[in-house]
Amino acid sequence: MSQQKAQLTIEGKVYDLPIIEGTAGEKALDIRSLMRDTGYITFDSGYMNTGSCESCITYLDGDKGILRYRGYDIADLAENCVFIEVAYLLLTGELPTKAELDQFKYDMTRYALIHEDMIHFFDHFPPNSSPMSILSTMVATMHDFYPEMDLEEDPYGGLTTTTARLLSKIRTTAAFSYKKNIGHPLVYPRPDLSYCANFLNMMFDRPNMPYTVEPVAVIALNKLLILHADHEQNCSTSTVRLVGSAGVGLYPSISAGIHALWGPAHGGANAAVMLMLERIYRDGKNYDKYIAMAKDPNNPYRLSGFGHRVYKTYDPRAKLIKEVCTAVLETLNVKDPLLEVAQELEYRVSNDDYFVSRNLYPNVDFYSGIIYRALGIPTNMFTVMFALGRLPGWIAQWQEMNSSKDSSRIGRPRQVYQGVVSRPFSKIEDRG
Ligand code: SDX
């Protein structure tokens, strides 16, 4: 807490508001006693100016395009780590030693199977069910198949059996849901493959056509998952915290986060970008038509993959993903016409004052889908990939919320009522 104070004058009375200063210099007005002291609440629809917690996990600066997990820049982590190394960092606050990472890799192998009874669930989802609804259902059900979480000595202590179990099983569940969706036999996790190689193998290996795990694909997937691993108090993370603050366990809290991420304004944007690029491509690359639609104040259409609540400059993740995209397509010798559409659209948007004046740049979702497509992952699985990446961040944030006396109290925003204040009841026979 900074010693500085702000002053607020209401109806002639002056109130002191303490100022909270973060380690990176961010400042906040502490209004936790505002209602009690003044009778006023604040109003901030969309929480654009409202901090919900103090956190030590992720720092981002939207003006400078900075993103750091536990103090490490994401470019360094994406370049030098594998995904579960970064998951360890987010969960514990420290990068693992070699021995610690080897143990964590062992845990990923040990917990990779899902209960055989859970596999029957796949047979009862309607055909063409969304992989996101399947994923959230299966994660919520883990609460019943793996109740041991309640036996954890310290369920909020970073690395637990429950967190290792969830990180590993969500990967298997995602791959199994894909195989079920295309009617292929399930491919079980292998003890000799890494976290990402196992996922790719479970997705694409077939009895009649063995899959070769390409190193470039494993490297690209590790980078993508790392770049999605956390992003402070975004919509889905705030959902995980809010649901968790009611006292529910990790699995239902994560299941709620999966639902929030599904939205096209949030994690669902990566799939929406692909559909948008395909639409522009099929429409004779009529870029101006779609840019005009997005600029029309009377048209709700928006260019997916552009804009961000916090970043008012190029999303640092988008920059790194764009580099991975080029490398993957070149190495795998994939010619995707949609990459050229994406690059041309970005060029035109970057030279259009409507977008420049509103600080609308590509975000994390703009180029990621092109990489997933090059790896053979279908569009309806793109947001599942986002969820696989975001899971360690959700877990770390859920644990931090539960370990904090302040932010673990139940989340319950207020409102300003604008309805009819009061009126006498009328019986149905008197209502005409
Ligand atoms: C993610 O929060 C996070 O950290 C999220 C995320 C994470 O890692 O968790 O980074 C992941 O969700 C990335 C965002 C993915 N969503 C999209 O790509 C969907 C397209 N983008 C927009 O819907 C929008 O930009 C948002 C939702 C991302 C941000 O919305 P805001 O902050 O509420 O911004 P806004 O709606 O107030 O827009 C400001 C102006 C408006 O115009 P005016 O009213 O000033 O005239 O910019 C316009 C908007 O119409 N605008 C767009 C636009 N995004 C904003 N116009 C056209 N196309 C767009 N994409």
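E11 counts as exposed in this predicted model, with a relative accessibility of 72%. The residue sits in the loop that links strand β1 (5-10) to strand β2 (13-21). The phi of E11 is positive, about 45°, although E11 is not a glycine. This is a departure from the general pattern, since most residues other than glycine have a negative phi.

The two strands on either side of E11 form a hairpin with 2 residues between them. β1 and β2 run antiparallel and are joined by 6 bridges. At the loop end of this pairing, I10 stands opposite K13 in β2.

A second residue with a positive phi is E232, whose value is also about 45° although E232 is not a glycine. E232 belongs to the loop between helices α9 (215-227) and α10 (235-244). With a relative accessibility of 22%, E232 counts as partly exposed, because the buried class ends under 20%.

A positive phi also occurs after helix α3, in this case at a glycine: G93 follows the helix and has a phi near 95°. Helix α3 itself spans residues 83-92 and is mostly covered, with 9 of its 10 residues buried. These buried residues are F83, I84, E85, V86, A87, Y88, L89, L90 and L91.

The ligand is surrounded by 24 residues, of which H231, H308, R309, R317 and R390 are the closest. By type, the shell around the ligand divides into 10 nonpolar, 8 polar and 6 charged residues. Helices α16 (353-357) and α18 (382-403) each supply at least two residues of this shell. The table sets out polar atom pairs between protein and ligand.

| Residue | Protein atom | Ligand atom | Distance |
|---|---|---|---|
| L303 | backbone N or O | nitrogen | 2.8 Å |
| G305 | polar backbone atom | oxygen | 2.8 Å |
| N363 | side-chain N or O | oxygen | 2.9 Å |

Taken alone, the ligand exposes 1,000 Å², and the protein buries 75% of that area.

L303, which places a backbone N or O atom 2.8 Å from a ligand nitrogen, is also one of the residues in contact with I291. I291 is located in helix α13 (residues 287-295). The relative accessible area of I291 is 6%, and the residue is therefore buried, a class that covers values under 20%. Which residues does I291 contact, leaving aside its neighbours within four places in sequence? They are L303, L345, R348, V349, D352 and F355. R348 lies 57 residues from I291 along the chain, yet the C-alpha atoms of the two are separated by 8.6 Å.

S245 offers a further example of a buried residue, here with a relative accessible area of 10%. The position of S245 is in the loop between α10 and α11 (250-261). Apart from neighbours within four places in sequence, S245 is in contact with M401, S408, R409, I410 and G411.

Three loop residues thus appear in this account with their accessibility: E11 is exposed at 72%, E232 is partly exposed at 22%, and S245 is buried at 10%.

Notes: Residues are numbered from 1 along each chain as its sequence is written. This is a predicted model: local features need pLDDT of at least 70, side-chain atom pairs count only at pLDDT 80 or more; totals for chains, interfaces and linings use all residues. Side-chain values use heavy atoms; hydrogens and water are left out. Buried means under 20% relative accessible area, exposed over 50%, partly exposed in between (1.4 Å probe, protein chains only). Helices (H or I, at least four residues) and strands (E, at least two) are DSSP runs, numbered from the N terminus. A residue is near a molecule or strand if one of its heavy atoms lies within 4 Å of it. A polar contact is a pair of N or O atoms within 3.5 Å; within protein, one must be able to donate a hydrogen and the other to accept it, and residues adjacent in sequence count only if both atoms are side-chain atoms. Accessible areas come from the Shrake-Rupley method with a 1.4 Å probe; for residues, only the protein chains shown count as cover. Ala, Val, Leu, Ile, Met, Phe, Trp, Tyr, Cys and Pro count as nonpolar, Asp, Glu, Lys and Arg as charged, and the others, Gly among them, as polar. Contact means heavy atoms within 4.5 Å. Two strands pair if DSSP finds at least two bridges between them.
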